[in-house]
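Visitor: I am new to this structure and should be grateful for a close look at a single part of it. Please take the salt bridges as the topic, and set them in the context of the whole.

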Amino acid sequence: MDGQSAGSGEPGAAAPGGGAHATPRAAPTLPPDVDLTLRVNRIPHRLRIQARVTLLDALRDRLGLTGTKKGCDQGACGSCTVLVDGERVLACLTLAAQCEDREITTIEGLARDGVRHPVQDAFIRHDGFQCGFCTPGQIMSAVALLAEGRTGSDDDIREFMSGNLCRCGAYPNIVAAIREVATTSGGARAGVPEAAAGPAGGTTAPAAGTGPTAGGGDGDARL
């Protein structure tokens, strides 16, 4: 065959499907581990993780903070919303390594000194949840919304909460809860809590959005 491989018009080409002349593929190389400190709810945590680990997986799998939910894992549902330096971010699209030495607040860190955040109380009063799976993300986004001052009207609230989906359709009650806080609890002053407020590791009340019927208990942590 004049030195040509079967099924090929070029000398030395590998036969279809591999064979004696097929070049072996190199094994994929995983990114190296990184050492970093995540400051979560006013408490620093020293971790060694792979550089590709998301903030969501670090919070849930390494720190046991399962109140932050893994919904779509594609940045489309808002269930994983947390605050980083007071701004809302999607934890499923944020690398943990990007958040080193920044102030991260999750649903578990909203209550201070045994007192729930005004948004948590408002969600309870207005029944702003049904299954509760999306509730932690809804509350975290609402807290940031108040701090941003984007509560001029109900339409504004709907627009700037549109990144948080609720399959149960509790939107009217969610809007009512946010509206109440905006008008009766000092608006922006009821938003993002000061990082230095309250003792680190202090006792906190059960947070709305973290109980077994509000989508935050360990029983549904892997839904």
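Guide: Arg125 counts as exposed, with a relative accessibility of 53%, since the cut-off for exposed is over 50%. The model in which Arg125 is seen here is a predicted one. The side chain of Arg125 forms a salt bridge with Glu180, and the closest N and O atoms of the two are 2.3 Å apart. This pair links distant parts of the chain, for Arg125 belongs to helix 2 (residues 118–125) and Glu180 to helix 5 (residues 171–184), with their positions 55 residues apart.

Helix 5 takes part in another such link. Arg179 and Asp154 meet through their side chains in a salt bridge, at 3.2 Å from N to O. Here too distant parts of the chain are linked: Arg179 is in helix 5 and Asp154 in helix 4 (residues 154–160), 25 residues apart. Arg179 counts as partly exposed at 21% relative accessibility, and Asp154 is likewise partly exposed, with a relative accessible area of 31%. Elsewhere, Arg88, Glu148 and Arg150 are joined into one network by salt bridges that share partners.

A further pair leads to helix 1. Asp57 forms a salt bridge with Lys70, with 2.7 Å between the closest N and O atoms. Because Asp57 lies in helix 1 and Lys70 in the loop between helix 1 and strand 3, the pair ties together parts 13 residues apart in sequence. Asp57 has a relative accessible area of 22% and is partly exposed; Lys70, at 29%, also counts as partly exposed.

The surroundings of Asp57 deserve a word. Helix 1 spans residues 55–62, and its buried residues are Leu55, Leu56, Ala58, Leu59 and Arg60. These buried residues pack against strand 1 (33–40), strand 3 (81–84) and strand 5 (103–105). Just after helix 1 comes Gly64, which takes a positive phi of about 70°.

The whole may now be set around these parts. A search of the entire structure finds 11 salt bridges. The protein has five helices and five strands, which run β-β-α-β-β-β-α-α-α-α from the N terminus on. Of its 223 residues, 42% count as buried. Among contacts with a separation of 6 or more, 62% are between residues 24 or more positions apart. The protein exposes about 11500 Å², of which carbon and sulfur atoms supply 51%.

Key
Residues numbered from 1 in each chain as written. Predicted model: local features only at pLDDT ≥ 70, side-chain atom pairs only at ≥ 80, totals over all residues. Heavy atoms only, no water. Buried < 20%, exposed > 50% of the residue type's maximum accessible area, 1.4 Å probe, protein only. Helix = DSSP H or I, 4+ residues; strand = E, 2+ residues; numbered from the N terminus. Contact = heavy atoms within 4.5 Å. Areas by Shrake-Rupley, 256 points an atom, 1.4 Å probe, with all protein chains shown as cover. Salt bridge = Lys/Arg side-chain N within 4 Å of Asp/Glu carboxyl O.
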